[in-house]
Amino acid sequence: MSHDHSSHDGSAPMDDHMDHMDHGSHAGHDMMSHMMSMSFHFGCEETVLFSFWKFSSYGGLIGSMIGIFILAVLYEGLKYYREHLFWRSYSLLQYRSVPIPGDKTPLPSEAKVSHICPDVTQRNAPLMFSKSHGFQTLLHVIQIVISYFLMLIFMTYNVWLGLAVALGSTTGFFLFGWKKSVVVDVTEHCH
């Protein structure tokens, strides 16, 4: 009772592979249940990021959309909070050699800066092993993880979940982006 499972190119045909999975193979069932759609769909049954985050009803879909929306808003808030901390930590004096394109005004001298902000000239150079840099590093890791989570959620190809990511990011930018103080976004990650 030998079956020839090879095709003309030497690989097993997909029909035979699927046929073996239909014969009660638990591994085959698990493999099929973990396959995800590779095209956009409007389904209300999804596993999101973790095996415990599953839903198969409209209530679960709406709850997941709300959670994803909030996560995307928080991601945008975290980006601008990190930028705020960065500009609060480093003075104009330390970055005065980087002119803004098109800006013709001369940069203030150290005396003028110290008159405007007396503690500027007394600041120490940034340290790698400082509390502020450690905190920024922690926030950076959290930001990366959240950005990849949002990317992977979007990659479920579920239109509703993708919409929650997009609307949450848009709302977050609306709430926090108006305070943006730099031209180049150095905190943006995959998303």
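A residue is called buried when its relative accessible area is under 20%, exposed when that area is over 50%, and partly exposed in between (1.4 Å probe, protein chains only). Keep that in mind for the views below of this predicted model, where local features need pLDDT of at least 70, side-chain atom pairs count only at pLDDT 80 or more, and totals for chains, interfaces and linings use all residues. Residues are numbered from 1 along each chain as its sequence is written, and side-chain values use heavy atoms, with hydrogens and water left out.

**View 1. The whole chain has six helices and two strands.** Helices (H or I, at least four residues) and strands (E, at least two) are DSSP runs, numbered from the N terminus. Walk along the sequence and you meet them in the pattern α-α-β-β-α-α-α-α. The protein chain has 191 residues, and 23% of them count as buried. Now look at contacts, meaning heavy atoms within 4.5 Å. Among those in the protein chain with a separation of 6 or more, 71% come from residues 24 or more positions apart.

**View 2. Helix α5 (131–154) has seven residues to look for: Gln-136, Leu-139, Gln-143, Ile-146, Ser-147, Leu-150 and Ile-153, which are buried.** What covers them? The cover includes α3 and α6. As for length, the expected span of a helix is 1.5 Å times one less than its number of residues. For the 24 residues of α5 that gives 34 Å, and its end C-alpha atoms sit 35 Å apart, which agrees.

**View 3. Helix α6 (159–176) keeps its buried residues on one face.** These residues are Leu-161, Gly-162, Ala-164, Val-165, Gly-168, Ser-169 and Gly-172. Looking down the axis of α6, you find them within an arc of 155°, so they line one face of the helix; the arc is that of the directions from the helix axis to the C-beta atoms. Their cover includes β1, β2, α3 (58–89) and α5. Turn to the other side of α6 and you find Thr-170 and Phe-174, both exposed. With 18 residues, α6 reaches 25 Å from its first C-alpha to its last, close to the 26 Å expected at 1.5 Å a residue.

**View 4. Helices α5 and α6 meet here.** Two packed helices are described by the angle between their axes and the distance between the axes. Here the axes come within 8 Å and cross at roughly 145°. (Axes are lines fitted to C-alpha atoms, for helices over the stretch in contact, and angles run from 0 to 180 degrees between N-to-C directions.) From α5 come Leu-150, Ile-153 and Phe-154, and they meet Leu-161, Gly-162 and Val-165 of α6. What kinds of residues make up the contact of α5 with α6? Five are nonpolar, one is polar and none is charged. In this sorting, Ala, Val, Leu, Ile, Met, Phe, Trp, Tyr, Cys and Pro count as nonpolar, Asp, Glu, Lys and Arg as charged, and the others, Gly among them, as polar.

**View 5. Phe-40 and Tyr-157 make one of the structure's seven aromatic pairs.** Rings of Phe, Tyr and Trp (its six-membered ring) pair if their centres lie within 6.5 Å; planes under 30 degrees apart count as stacked, over 60 as edge-to-face and the rest as tilted. This pair is edge-to-face, with 5.2 Å centre to centre and 75° between the planes. Phe-40 lies in the loop between α2 (26–34) and β1 (46–47), and Tyr-157 in the loop between α5 and α6, so the pair ties together parts that are 117 residues apart in sequence. Ring pairs also bring in Phe-154, linking Phe-40, Phe-154 and Tyr-157 into a cluster. Is Phe-40 buried or exposed? Phe-40 counts as exposed, at 53% relative accessibility. Tyr-157 has another feature to check: its phi is near 65°, a positive value in a residue other than glycine.

**View 6. Phe-50 and Phe-149 form an edge-to-face pair too.** Their rings are 5.7 Å centre to centre, with 85° between the planes. Phe-50 sits in the loop between β1 and β2 (54–55), whereas Phe-149 belongs to helix α5, so the pair ties together parts 99 residues apart in sequence. Phe-50 is partly exposed, at 34% relative accessible area, and Phe-149 is partly exposed at 27%. Leu-49 is found in the loop between β1 and β2, with phi near 65°, a positive value in a residue other than glycine.
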